[in-house]
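User: Hi! I'd like to go through this protein model with you, one question at a time. Could you start with the empty space inside it?

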Amino acid sequence: MDAEGRIYLCTQGRLYALIKEDGKAKVVWEYVIGTHVPGPVVVAQDGTLRVHAADGLLHCVNSSGKQHWTPADVGEPLGWAAPVLDARGNTYICAYDGGLVRVDGEGKPDRHSFFRSRRKFDSTGVVLENVLIVGSEDGYVFAISLDENRGRNLWDHSQEFGYAGGFINSAPAVSEDGGIIVVAARNENLYGFAPNGAKAWNVRLPGQLLGSPVIGPDDHILIGVTQAPRGQKARGTLVCVDGNSHRIRWQYAADDAIESTPAIGDDGLIYFGDNSGAIHAVNSSGEARWKAKVESPVRSAATLLAPGQIAFGLDNDTLVVLRCSSKTLAPAGWPKLARNLAQSGLNA
């Protein structure tokens, strides 16, 4: 979403801008991309949009649906990564062959990678005070300075700073005071890192962590955990980890695997979907408030579109919006994927 309340989504090779009119979605404009877009639309601070398409082109479109600059060739997108923006309008792409590509505010990509790495950054990062925090496939979290012409990792990996030990595909979440960066790794652990990369804590959560963590106003951390024993139906659990003791406070059983990243509303309710096609609303004590069945698995992250409206993308190319009691996102913590409605990756 942008600051004017327009909703942006990609489906079937097109970027759509929607508004609500007479209780229904109305298409304001559509922009032809011509190929699949695996990741989300990202809104920059100036209102322009970034879309990374499967043909390797990064599109920049203005809020009227017009091309802002010629699509930049940045290479094939990765499955878990999304474009990340800094406050100056630069766009950072996790390169298919490793490292980062930077595209400036005029659409000009670096001729060489802005930052090189041996392994891929198949993760959506976040920008904290002009430092990009992003996970890698070698089990490390990187903190890359964006101040110079070439990126520089600020965390000393030789001293195991930023080390999680498993593939990191999730997006990080940051505590309200900025003192802890939370990431989920594929080695069945949730980690908390200090701003200098030192490991503060970890919690073992047996199962697959297929979504990303979010943090409530009370500093408690929420994430979906999926267990899929061979020959058995997958089981999904929403887990709440105490922000102080880092122990499990409660668990809520879903109907199937959870790949959806929750969103937390200003009334404390937690909204997420599961792969059975159920959408859940759970309170801060882990008690179900309601459950709605939809026609397709819900793997997308939740987002609040407007007062009383929670939205999800379904696997069958449908955007579904349900009534809810939340008026907006929780005012503190890290209440959704990429924190804000613009999904810009900026901690703002």
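Analyst: Happy to! A cavity here is a set of grid points where a 1.4 Å probe fits but cannot get out. Please keep in mind that this is a predicted model.

User: How much space lies in the largest cavity?

Analyst: Counting cavities of 30 Å³ or more gives one. The space in the largest cavity comes to about 100 Å³.

User: Which residues line the largest cavity, and how do they divide by class?

Analyst: The lining includes Val37, Pro38, Gly39, Pro40, His52 and Pro77. Leu78, Ala81, Ala82, Pro83, Ile93 and Cys94 also line this cavity. Pro counts as nonpolar and Gly as polar. On that basis the lining divides into ten nonpolar, two polar and no charged residues.

User: Now the pockets: what is the volume of the second largest pocket, and which residues are the closest to its centre?

Analyst: The volume of this pocket is about 250 Å³. Its lining has nine nonpolar, two polar and one charged residues. Of the twelve lining residues, the closest to the centre are Leu128, Glu129, Gly178, Ile181 and Pro195.

User: Which residues have the most contacts inside the largest nonpolar core, and which strand gives this core its largest share?

Analyst: This core has 30 residues, and Ile133, Leu190 and Leu205 have the most contacts inside it. Five of its residues come from a single strand, residues 181-185, and that is the largest share. The strand is β16.

User: What does Leu190 touch, leaving out residues up to four places away in sequence?

Analyst: Contact here means heavy atoms within 4.5 Å. Leu190 touches Val182, Val183 and Ala184, and also Trp201, Asn202, Val203, Leu205 and Leu209. The rest of the list is Pro213, Ile221, Ile223 and Val241.

User: On to the backbone: is Gln12 buried or exposed?

Analyst: Gln12 sits in the loop between β1 (7-11) and β2 (14-21). Its phi is positive, about 55°, although Gln12 is not a glycine. The cut-off for exposed is over 50% relative accessible area. Gln12 has 63%, so this residue is exposed.

User: What is the relative accessible area of Glu160?

Analyst: Glu160 lies in the loop between β14 (152-153) and β15 (173-174). Phi is positive here as well, near 70°, in a residue other than glycine. Glu160 is partly exposed, and its relative accessible area is 40%.

User: How do β6 and β7 pair, and which residue in the turn of their hairpin has a positive phi?

Analyst: Strand β6 (residues 57-61) and strand β7 (residues 67-73) are antiparallel over four bridges. One bridge partnership is that of Cys60 with Trp69 in β7. Five residues lie between the two strands of the hairpin, and the turn residue with a positive phi, about 85°, is Gly65.

User: Which are the edge strands of the open sheet β23-β24-β25-β26, and what is the bridge partner of Val282?

Analyst: The four strands of this sheet have antiparallel pairing. β23 (263-264) and β26 (288-293) are the edge strands, as each pairs on one side only. Strand β25 (residues 278-282) joins β26 over five bridges. In β26, the partner of Val282 is Ala288.

User: And in the open sheet β19-β20-β21-β22, which residue stands opposite Val214?

Analyst: This sheet is antiparallel too, with β19 (214-215) and β22 (248-253) at its edges. Two bridges join β19 to strand β20 (residues 221-227). Opposite Val214, in β20, stands Leu222.

How values were computed: Residues are numbered from 1 along each chain as its sequence is written. This is a predicted model: local features need pLDDT of at least 70, side-chain atom pairs count only at pLDDT 80 or more; totals for chains, interfaces and linings use all residues. Side-chain values use heavy atoms; hydrogens and water are left out. A nonpolar core is a set of buried Ala, Val, Leu, Ile, Met, Phe, Trp, Tyr and Cys residues joined through side-chain atoms within 4.5 Å. Buried means under 20% relative accessible area, exposed over 50%, partly exposed in between (1.4 Å probe, protein chains only). On a 1 Å grid over the protein atoms alone, a cavity is a set of points where a 1.4 Å probe fits but cannot get out, and a pocket is an open set with protein on both sides within 12 Å along at least five of seven lines; lining residues have an atom within 4 Å of a point. Grid points are joined across faces, edges and corners, and a volume is the space filled by probe spheres set on the points. Two strands pair if DSSP finds at least two bridges between them.
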